[in-house]
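Please open the model in a viewer and keep the sequence panel visible. The tour proceeds by selection, one stop after another.

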Amino acid sequence: MLRFKKHLLRWNAPMQASPLASCLALIIFCLAPKPPLKGQSPLETPSPAIFPSTASLEQQFQQAKALWASQGDRDAASTQFEQIIKSLEDQQLTPQNLHMLCQSYNWLTVLYDRTPSKRGQVTKNLETILKYMPDFEIDKAITNTRLQKQFEALRASRLVKVTFELDPQGGTLTVDENPLEARNLRHIPPGQHKIRYEKPGYQSQEQTIELVLKEGKQLDFQLQRISSTVTFQIKPPQGEIWLDGIKMGQTQRDLQNPDLSAPFTLKALAKGKHLLEIKAPCYQSRLLALDPTFSEPFADHLLDPIHLDPSRARLSIDSKIKEGNLFLDGEPKGSLPIKDLQICAGSHRVEIRYPMGAYHAQIQVPEGGHFRVQAHPKLRLACLGIEGEGEFASKAAFQKALLELQTRLPHLIYIPPTEQNPREQLKVLQEKNSADLTLVFKLKSPHELQAIISTLQEESSQWTLRCLDPDPLKAIVERINTLPALWVNTLGVDVADAPGLVGAWVYHANPEAIQAGLVIHQAITRMEGRVIENTEDFYKVLKSHSKDTLSLQQGNTTIILDMRKKPLMIPQQAPWLCYPALLSWLRIEAQGAEGEEKATLLLNQAITLMHLQRFDRALECLRQSAFEDQPGVSQGTVEYLKGLCLMRLGASYRPRALQAFEKAMTLKKATLMGPCGPSIHLLAQEALKEIKP
Amino acid sequence: MLLNPSDIKPRTLSRALLGFLAGCLLHAQIDLTERLYLSGEKAYLAERFEEAMDTWNQLIQQSPQSPFSAQALFFMAQHHVNQSQKQDRELNLNKALGALETIKQKHIAHEVAAKALLLRGRILSIQAQKQSDLKEAQGEFHRVVDLFPAHPSALEARFELGNGCMRQQQPSTAIRHFASVIQADPKATLSASAMLSMAEGFNQMGDLPSALRALSRVKHLFPETQQSQEAQWRMDLLIKHGLLRPALLSEGAWPSGQKTELKSPTHLERGIQGEIYLYQDGWDQAYERKGTEWEKVGDAFRNARAMCFDGEGLCLLSARQLRRGNGTVLELENLRDASGLCMDSWQNLWITHTKGGLTLVDVKGGTREWPAPGGVAIAPLSDGAILASDTNRSLLFLDAAGQPRLTLPYGKDFPKPFKKIVALATDPLGHVAAIVDGDFEGVAIWNRHGELLRYAEFKALGLKGKFRGLAMDRQGGLILADRSNDLLIRLN
């Protein structure tokens, strides 16, 4: 909490000194009937590359004045002022520039008046000044009396002079809902007008008047005080103002002092204590207690500018796959890994785009904290909607279900269908590489849809959905969500339930297990301290164990065995799998993988491609898949699968298939499916028999 | 594009009209074909089979090329297969084959063709009586795999190919087919059967660890299923006989605690589901153990010398006749010295003779004679049979053609020699048990490769009697029929 020195705000400060006045002038300008600039929205800020800055214009303006005042070069001065006017009229005007524009016209009028060939444009210039600023005070130091009179006569012929008595000063005057600078003298077009005067902390007043040309008018506004106000500026200039937990508004940048906000006034402050909170993105929030003296007696309070301390945090992102690019809140922040990136504390949207797949997360970074993200890409599924315009049963419910599919597909990033037709959507996705998988529906009959899931490489599967089923998407969702295991924990020990014996009875073990002390034809009775009564208990412990070693007991002997993760082959024709989704997932996982992991992912990619009848692509994967010669799924398995693919590629590939099977036969430790599967040696031998019986 | 009526030439108009009429006629024809098909289907579902067949036949005659004809032909074939189980087996199966052949010839591109070829292969496989007969069936299964690789029938065809290879004594080829089925979808019910068959393939090849692994997978992937139970007892037997090999012990009278009045029990046999059959010479009658009772099987049959289960029922052999499981009695010559009976995997009955030779009786009752040494007992193995020859003093492991693939001298690996074999029994895993007599009096168990697994002397078992019958039960026990004490004894 901070104590504040209170000041009274001087509302009746001169126009150029008062930020509020500047604001009002800007509003007047915006409301003035001025043709819009070509190709520019009224709210757009001009690009500095196209328009000269205010400072350079100011400098040019001073040079132009000097050209005539000190050097007497009237033509050069005129040219300079014409250029300034052109530059200013081509851009959106700030109150400062507006004033400079009118001053330039004032100077040009005086110069033209002295140039016979241009004297005809004098009246036009004076009219332009009035168009831009009806209350412009002509510069009497440079303008002769004749021109002054001409300007006043022009003004009197078009506007009515209205004198205001305002109490208190410093409020907001609006004429027909258009705010004006609250000055004691204004020039207003003739006719009926609704004029209101208001000021925070006072009861506003409104009068309807009829103005007639050449008949000046005086209006009195005396406002009654009804509450206190608190006015302040903040740094940074843009923030949210909350009072007692209720949002009061947002501050805007002060055009005069861009480091600060324009003054923000809390109006109608109720009696009692108040809690003022100022929030700004990337800054620490400030809480200020306003004691009862702020609200009673009624007064206007001006606080010193409130400074918020910057809110800083760090973000580090690591990923097994290094080819990702980080986008923080949509802004590119470079490629992975990201280390100690300075960011604002608070909520951020993290997006990492990988060559395949993406990572999305909404993170909450604490003040001063170091937020670490271990990113891993997820599959992106884009639903392209339904092809064609045909009607079918429960169409609305089906379309709604499509929009809500993300909740049912938690393991992937779901991109719901857009209004575009499926082909256009696909084109965009392919161009931007913003999806890995597409889902599209085709109408088969009024009660049946065909669902087609495809990778962007056009490997696809399709299913028929019955629209009248309670949940037509259920089967497809289940398939997409099913990811088969690629690894299995193994000890290199085979066990069985032996009749009449308690425990998992060992009937086979690899040499390492035997060397570690394991005895064949004896039961394992404990694993990791847990009693093992049968093989079911054995496999339960094995499945849930995550350490590198596992202790087990045979009789009174404790043996420590190494735990190994062994590759598994996915099923090749399972109706419960979605092979295109599986293929995309395997491709994403393979991005950052190395060694045996990569070989396993490639081998399983090959199996999905074999399922999808893409034997050539399967072969490419198998060529990249390199295992060591070891027990279980290994290089022999790869060679065997190569042989199967080559066999499917036609008779011309048969000699190469033969070679692959012959090689598979030599790798005797390899098995099919998993470490407990049949020997590849045997299968390759049989395959060879088939080729050359 | 808009046409001005005046631009249309009369020839163009007549062509268009003809085209339109042809289209209408074709549409009407398609409509009628579909309605005929549906009418047949309706009759079939209402079990008005004759009406259904007539309607579908009409459809096939009218529109032989229609896809509905292909569908109708397939249903007709299925109907004939169903009928074959009730009557006129061969006739109905041949009718089914005819319908399926038409699909194969005329509708190979139709989606039902895969199923049709599969069914055709299955029928041919059922009809096969020897290895060479399986060629055509295997050809059909290969066609399904090659022509329809992504069709669900392709996996079934793979499975059938595996089964065919097993029957052809090619376990390693069979394993490859079974592995394809399992790798396609290990969770499918078909995979459970494929795993069981693959385990049997490994067992036949003598690869016990691989067989146990496959059985273990069935148990864990398909718990609480029939296949799981099947895997469990197979594992129990393989482990018990092959690996644990505990000493045989007598459990005493069987069934224990149940009082049974037997009269000269002489032959024992085990059925497909593990049920036990008994022949009592004193009653000239065969019985089946049901619950706690022995129930008579068929009529009385005098002086049975051997019995076996032939798929349809219990088959009994005497010196004069052979009574099949379906009750058919065959009067055969040359049965005077018949000593043993078993059935092979082609449904042929093998009769062994003490003076030598083997008589084969096929399903249709035809007989063949094969040379063989004099045998006292014979028992089936999946790849042939095992013959006990006292004259040769050896056990002969015969292949499907009756040729010895292995000869095991009596007494090999025994502490004492034996001279005779009184009874033989086998189990589906290829274990062979025998009651032996001579210096060594007792029982022994071998595996299909002739390795002696377990043995025990009656004396050591505390048994005394005249043991004539033997069966191996599903738990790995041996049941002995004691003729002199009118008892059944179980060894565990």
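Through how many residues does a hairpin join strand 19 of chain B to strand 20 of chain B? The hairpin between strand 19 of chain B and strand 20 of chain B runs through 3 residues. Please note that the model is a predicted one.

**First stop: strand 20 of chain B and its partners**

Select residues 442–446 of chain B, which form strand 20. Of the 5 residues in strand 20 of chain B, 5 are buried, so the strand is largely enclosed by the rest of the structure. Display the side chains next. In a regular strand, side chains alternate between the two faces of the sheet. Here B:Gly442, B:Ala444 and B:Trp446 point one way, while B:Val443 and B:Ile445 point the other way.

Add residues 432–438 of chain B, which are strand 19. Strand 19 of chain B pairs with strand 20 of chain B in the antiparallel sense, over 5 bridges. Within this pairing, B:Val436 is found opposite B:Gly442.

Now add strand 21 of chain B, residues 452–457. Strand 21 of chain B is also joined to strand 20 of chain B by 5 bridges in the antiparallel sense. B:Gly442 stands opposite B:Glu457 of strand 21 of chain B. The hairpin of strand 20 and strand 21 of chain B has 5 residues between the strands, and B:Gly450 in this hairpin takes a positive phi near 85°.

**Second stop: B:Gln280**

Select B:Gln280, which lies in strand 3 of chain B, residues 276–280. Is B:Gln280 buried or exposed? With a relative accessible area of 2%, B:Gln280 falls under the 20% limit and is therefore buried. Beyond its neighbours within four places in sequence, B:Gln280 has contacts that include B:Glu261, B:Lys263, B:Pro265 and B:Tyr287.

**Third stop: an open sheet in chain A**

Move to chain A and colour strands 22, 19 and 25, which make up an open sheet of 3 strands in the order 22-19-25 with mixed pairing. Strand 22 (338–344) and strand 25 (370–375) of chain A are at the edges with a single partner strand each, so one side of each has no neighbour in the sheet. From one strand to the next, the twist averages 25°.

Focus on strand 19 of chain A, residues 312–319, which is joined to strand 22 of chain A by 5 bridges and runs antiparallel to it. A:Leu315 can be located opposite A:Leu341 of strand 22 of chain A.

**Fourth stop: helices 4 and 5 of chain A**

Select helix 4 (residues 95–113) and helix 5 (residues 122–132) of chain A, whose axes are 9 Å apart and which pack at an angle of about 165°. Helix 4 of chain A is thus roughly antiparallel to helix 5 of chain A. The crossing of helix 4 of chain A with helix 5 of chain A is left-handed. The residues of this contact comprise 10 nonpolar, 4 polar and 1 charged. Among them are A:Leu101, A:Tyr105 and A:Asp113 from helix 4 of chain A, and A:Leu126 and A:Ile129 from helix 5 of chain A.

**Last stop: helices 12 and 13 of chain A**

Finally, select helix 12 (residues 579–590) and helix 13 (residues 595–611) of chain A, whose axes come within 9 Å and cross at roughly 160°. These helices, 12 and 13 of chain A, are therefore roughly antiparallel to each other. Helix 12 of chain A passes helix 13 of chain A in a left-handed crossing. The residues of their contact divide into 7 nonpolar, 4 polar and 3 charged.

How values were computed
Residues are numbered from 1 along each chain as its sequence is written. Chains are lettered from A and ligands numbered from 1 in the order in which they are written. This is a predicted model: local features need pLDDT of at least 70, side-chain atom pairs count only at pLDDT 80 or more; totals for chains, interfaces and linings use all residues. Side-chain values use heavy atoms; hydrogens and water are left out. Two strands pair if DSSP finds at least two bridges between them. Helices (H or I, at least four residues) and strands (E, at least two) are DSSP runs, numbered from the N terminus. Axes are lines fitted to C-alpha atoms, for helices over the stretch in contact, and angles run from 0 to 180 degrees between N-to-C directions. Buried means under 20% relative accessible area, exposed over 50%, partly exposed in between (1.4 Å probe, protein chains only). Angles under 35 degrees count as roughly parallel, over 145 as roughly antiparallel, 65 to 115 as roughly perpendicular and the rest as oblique. A crossing is left-handed if the near helix is turned anticlockwise from the far one by less than a right angle, and right-handed if clockwise. Contact means heavy atoms within 4.5 Å. Ala, Val, Leu, Ile, Met, Phe, Trp, Tyr, Cys and Pro count as nonpolar, Asp, Glu, Lys and Arg as charged, and the others, Gly among them, as polar.
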